[in-house]
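Work through these exercises with the structure open beside you. Try each task before you read its solution.

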Amino acid sequence: MELKLKFKTRLNPKTIFQLLIIFMISGCSTILPPTFEEQSATYNRTMEQYQINQIFTNIIRASENRPIAFNDIPSVLGNANTTTTIAPGLSFGTDGDLWSGLGLTDLDSATFNPSQMYSEGFTFTQSSMDNATFWNEFMSKIPMKKLVYFRGNNIPEELILRLLIDAFVIEKASGEITVLENDPSKPSHFEFDKLFKFLIKNKLTFGSEENKKGNKVEIGKATLCISDSPKANSQYKFNNNAYCNIQKEAIYNSDKLFIPLRSVKNIFDYLGAVAAVQLWDEPIYVELGSSIDAYKQTRTKNKDTRKNPTKLLVVERNSIFEDKFAYTEDLYGNTFIIPANDAGYSQRVIAFLSELLILTKIPGSSAPQPGVLLQ
C-alpha cells in the first residue's frame, strides 16, 4: 500500500508528518495474527473433514472392489507470524531563492510505504496403517463386549445390528441349512430383510448367555437374542436358544438360528455394496424402520417431506452443485458425495465407523503421537 500526498503549505513539516502518521493509523486496518484458539479450531475442523472423507473414500473403494487403505496423522505442527513495516519518505521544495536564502522551506510531498506480511501454516506427518498389527484387528470379528458399549449411545440399535449382522443361518432338524446374506446385491437379501424386520419388531437385542451350575445361574458371554417369546401365530419360530428368556407357555420350534457378526473390514465391504446398488440404473436402497429414530417426526407435527429419511446410506455421483457432508473421487474421475442434507442415517453411519476405527487402533498399529505444537 502506497500513499502519496502533495501539499503547498506554510505549516511546520514536523506537524504535517505527525498528521499523516495519525491518518495512516486511522485509515488502514492492521491484520492481526490468529490466536491459539483460532489456530486450534482450524486444525480441528480440517482433521474432522479429513477423517470423514477418508472413511467415505474407503466405502467407495469397496463399492468398486478396490483395495481399502487408511492413513493416520500422528503429529501436527502449526506456526504463524506477522511483520509490519512503514517506510516514510519526505521531500521539501521552495518557491524561490529568496525563501531558500532565509532558511524557509515548504513541504512539497510526502510518501509512505506501509506493508504487513502474515503467514500461517501447518506441517504434518502422514503414516500408513498398512501393517499386520492394524489389519489383524481390522479383519477380526468384532467382539460382543465392544458392541454392548454402543447400546444407548445415541445410535439406534437397529442401525448397529444392520451393520454388524453378516447373515442369518437357519439349521432345520433335518440338517438342511439356509443362509440369508445381509448384502443388497445378493438374491437372498429379500428374505434376509423380511426376517430382519421381524426380529427387530420382536426386539432382537444384546443379551447374555446363562450357564446353570446346580442351583446357581451364571451370566456368560454377551450374545444376540430375541426378547419377545414366540406366539402361536408368529411368522418365524426358533428353538429356545434364540430367545433371551425361556417361557414355559411359549411354543418353540426346532429350527436353530445362528447370527454371525462382521469385522470392521466386512462392514466397509457391506457399505460398499449398499453404495453400489443405489447407483445402478434401477437403484436398490437399504432402509431402516420408520419408527426407530425420534428425530424424524417427534420434533415436528408436520409430515416428513424428505426423500431419504429412513435410508441407511445416501450416495450421489457427479453431483457438484450440492452441499457436501463427505466428498471423494475415484480413479476414473467420478466424484461421489454424501449430501449435507436429507441423507438419512449417513452421518450416523460415518460416526459409528469412526468409533470402530478408534477401537481398532491398538498399540503398535500406527506411529506414536507426539503432542500437537502450535506456535
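**Exercise 1. Handedness and direction of a helix pair**

Task: Find how α8 passes α9, and decide whether the two helices are roughly parallel or antiparallel.

Solution. Keep in mind that this is a predicted model.
- Step 1: Look at the handedness. The crossing of α8 past α9 is left-handed.
- Step 2: Locate the helices. Helix α8 spans residues 264-277, and helix α9 spans residues 346-360.
- Step 3: Read the geometry. Their axes come within 11 Å and cross at roughly 155°.
- Step 4: Apply the cut-off. Angles over 145 degrees count as roughly antiparallel, so α8 is roughly antiparallel to α9.

**Exercise 2. What lies between the helices**

Task: Which residues of α8 meet which residues of α9?

Solution.
- Step 1: On the α8 side, pick out V264, I267, F268 and L271.
- Step 2: On the α9 side, pick out V349, L353, L356, L357 and T360.
- Step 3: Sort the residues of this contact by type. Eight are nonpolar, one is polar and none is charged.
- Step 4: Think about the spacing. An α-helix has 3.6 residues a turn, so residues three or four places apart point the same way.

**Exercise 3. A residue of α9**

Task: Is Q347 buried, partly exposed or exposed?

Solution.
- Step 1: Place the residue. Q347 sits in helix α9.
- Step 2: Take its relative accessibility, which is 37%.
- Step 3: Compare with the limits. Buried means under 20% and exposed means over 50%, so Q347 is partly exposed.
- Step 4: List its contacts. Neighbours within four places in sequence are left aside, and Q347 then touches F325 and A340.
- Step 5: Check a distant position in the chain. I52 is 295 residues away along the chain from Q347, and their C-alpha atoms are separated by 9.2 Å.

**Exercise 4. A threonine in a strand**

Task: Which side chain makes a polar contact with the side chain of T205?

Solution.
- Step 1: Find T205 in strand β6, residues 204-213.
- Step 2: Check its exposure. The relative accessible area of T205 is 11%, so T205 is buried.
- Step 3: Name the partner. The side chain of E157 makes the polar contact, at 2.8 Å.

**Exercise 5. A covered helix**

Task: How many of the eight residues of α6 are buried?

Solution.
- Step 1: Helix α6 covers residues 157-164.
- Step 2: The buried residues are E158, L159, I160, L161, R162, L163 and L164.
- Step 3: That gives seven of eight, and α6 is mostly covered.
- Step 4: Set this beside the protein chain, where buried residues make up 37% of the 375 residues.

Technical notes. Residues are numbered from 1 along each chain as its sequence is written. This is a predicted model: local features need pLDDT of at least 70, side-chain atom pairs count only at pLDDT 80 or more; totals for chains, interfaces and linings use all residues. Side-chain values use heavy atoms; hydrogens and water are left out. Helices (H or I, at least four residues) and strands (E, at least two) are DSSP runs, numbered from the N terminus. Buried means under 20% relative accessible area, exposed over 50%, partly exposed in between (1.4 Å probe, protein chains only). A polar contact is a pair of N or O atoms within 3.5 Å; within protein, one must be able to donate a hydrogen and the other to accept it, and residues adjacent in sequence count only if both atoms are side-chain atoms. Axes are lines fitted to C-alpha atoms, for helices over the stretch in contact, and angles run from 0 to 180 degrees between N-to-C directions. Angles under 35 degrees count as roughly parallel, over 145 as roughly antiparallel, 65 to 115 as roughly perpendicular and the rest as oblique. A crossing is left-handed if the near helix is turned anticlockwise from the far one by less than a right angle, and right-handed if clockwise. Contact means heavy atoms within 4.5 Å. Ala, Val, Leu, Ile, Met, Phe, Trp, Tyr, Cys and Pro count as nonpolar, Asp, Glu, Lys and Arg as charged, and the others, Gly among them, as polar.
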